[in-house]
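Here's a quick briefing to read alongside the model on your screen. Take a look at it first, then work through the points below.

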Amino acid sequence: MLVFYSEKFGSSKIAQLNYWRKIAFAILKSLPACKYIGVKGLFRGVSILRSMSSAWLSMLEDRPYAHMDMLVVQKQYRGTGLVTKMIMPLIDECSSRDVACTLETQNPNNVPLYGRYGFELVDTIKMTDSELEQYCMVYNR
């Protein structure tokens, strides 16, 4: 899981470059996952990431937020509480600091999963050159 804090990085070109550097590092760190998802799966994930739109985050206006990205749990570990162990510290931090927590998923089955943690679906965006949709969610308590 990668987390981007809006107030720490801002929207400058340097901040965006920093964010993409972190994503590149996360992708490199994820290369061993290729034995589970294959190289084709990794490239599919990267291409999806490139076609996503973060324009919907403007609805938060100037409110700071933490954006959760690239949360992945291998199939054999799903249902074991790992998602809760990753998400809850971030939700607790966002609640204590009064910042929103945002995420995007392309899997409609994930929407109810994140809903159980208090995330609300605020927008659905058709992704360009794809049949996928991007489900945009916010935890705002």
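Glu93 is partly exposed, because its relative accessibility is 26% and partly exposed covers the range between 20% and 50%. Its side chain meets that of Arg97 in a salt bridge, at 3.2 Å from N to O. Keep in mind that this is a predicted model, so treat every value here as computed from it.

**Salt bridges**

- How many salt bridges does the structure hold? There are two.
- The general idea is simple: side chains of opposite charge can pair when their charged atoms come close.
- Arg97 and Glu93 both sit in helix H4, four residues apart, and that is about one turn of the helix.
- Arg97 is partly exposed too, with a relative accessible area of 37%.
- In another salt bridge, the side chains of Asp98 and Arg63 meet at 3.3 Å, N to O.
- That pair links distant parts of the chain, with the two positions 35 residues apart in the numbering. Asp98 lies in the loop between helix H4 (82–97) and E3, while Arg63 lies in the loop between helix H3 (34–51) and strand E2 (65–69).
- Is Asp98 buried or exposed? Asp98 counts as exposed because its relative accessibility is 51%, and the cut-off for exposed is over 50%.
- Its partner Arg63 is partly exposed, with a relative accessible area of 25%.
- Asp98 has a backbone quirk as well: its phi is positive, about 55°, although Asp98 is not a glycine.

**The overall picture**

- The protein has five helices and five strands.
- If you walk along the sequence, you'll meet them in the pattern β-α-α-α-β-α-β-α-β-β.
- There are 141 residues in the protein, and 35% of them count as buried.
- Take the contacts between residues at least 6 apart in sequence: 65% of these join residues at least 24 apart.
- The accessible surface comes to about 9000 Å², and 56% of it belongs to carbon and sulfur atoms.

**The sheet**

- Five strands form an open sheet in the order E1-E2-E3-E5-E4, and the pairing is mixed.
- Which strands sit at the edges? They are strand E1 (2–5) and strand E4 (120–126), each of which pairs on one side only.
- On average, neighbouring strands of this sheet are turned by 20° against each other, ignoring direction.
- As background, strands of a sheet pair through backbone hydrogen bonds, either parallel or antiparallel.
- E1 and E2 run antiparallel and are joined by four bridges. One example to look for is Tyr5, whose bridge partner in E2 is Ala66.
- E2 and E3 also have four bridges, but here the pairing is parallel. Tyr65 has Ala100 as its bridge partner in E3.
- E3 (residues 100–105) and E5 (residues 133–139) go back to the antiparallel sense, over five bridges. Here you can find Leu103, whose bridge partner in E5 is Met137.
- E2, H4 and E3 together make a right-handed β-α-β unit.

**Strand E2, covered on both faces**

- How many of E2's five residues are buried? Five of the five are, and E2 is described as mostly covered.
- In a regular strand, side chains alternate between the two faces of the sheet.
- On one side of E2 you'll find Tyr65, His67 and Asp69, and on the other Ala66 and Met68. These residues are all buried, and both faces of E2 are covered.

**Tyr19 and its neighbours**

- Where is Tyr19? Look in helix H2 (residues 13–30).
- Why does Tyr19 count as buried? Its relative accessibility is 15%, and buried means under 20%.
- Leaving out residues up to four places away in sequence, Tyr19 touches Leu2, Phe4, His67 and Asp69.
- Two of those contacts, His67 and Asp69, are on one side of E2.
- Tyr19 and Val3 are 16 residues apart along the chain, and their C-alpha atoms are separated by 9.6 Å.

Technical notes
Residues are numbered from 1 along each chain as its sequence is written. This is a predicted model: local features need pLDDT of at least 70, side-chain atom pairs count only at pLDDT 80 or more; totals for chains, interfaces and linings use all residues. Side-chain values use heavy atoms; hydrogens and water are left out. Two strands pair if DSSP finds at least two bridges between them. Axes are lines fitted to C-alpha atoms, for helices over the stretch in contact, and angles run from 0 to 180 degrees between N-to-C directions. Buried means under 20% relative accessible area, exposed over 50%, partly exposed in between (1.4 Å probe, protein chains only). Contact means heavy atoms within 4.5 Å. A salt bridge is a side-chain nitrogen of Lys or Arg within 4 Å of a carboxyl oxygen of Asp or Glu. Accessible areas come from the Shrake-Rupley method with a 1.4 Å probe; for residues, only the protein chains shown count as cover. A crossover is right-handed if, with the strands pointing away from the viewer, the path from the first strand over the helix to the second runs clockwise.
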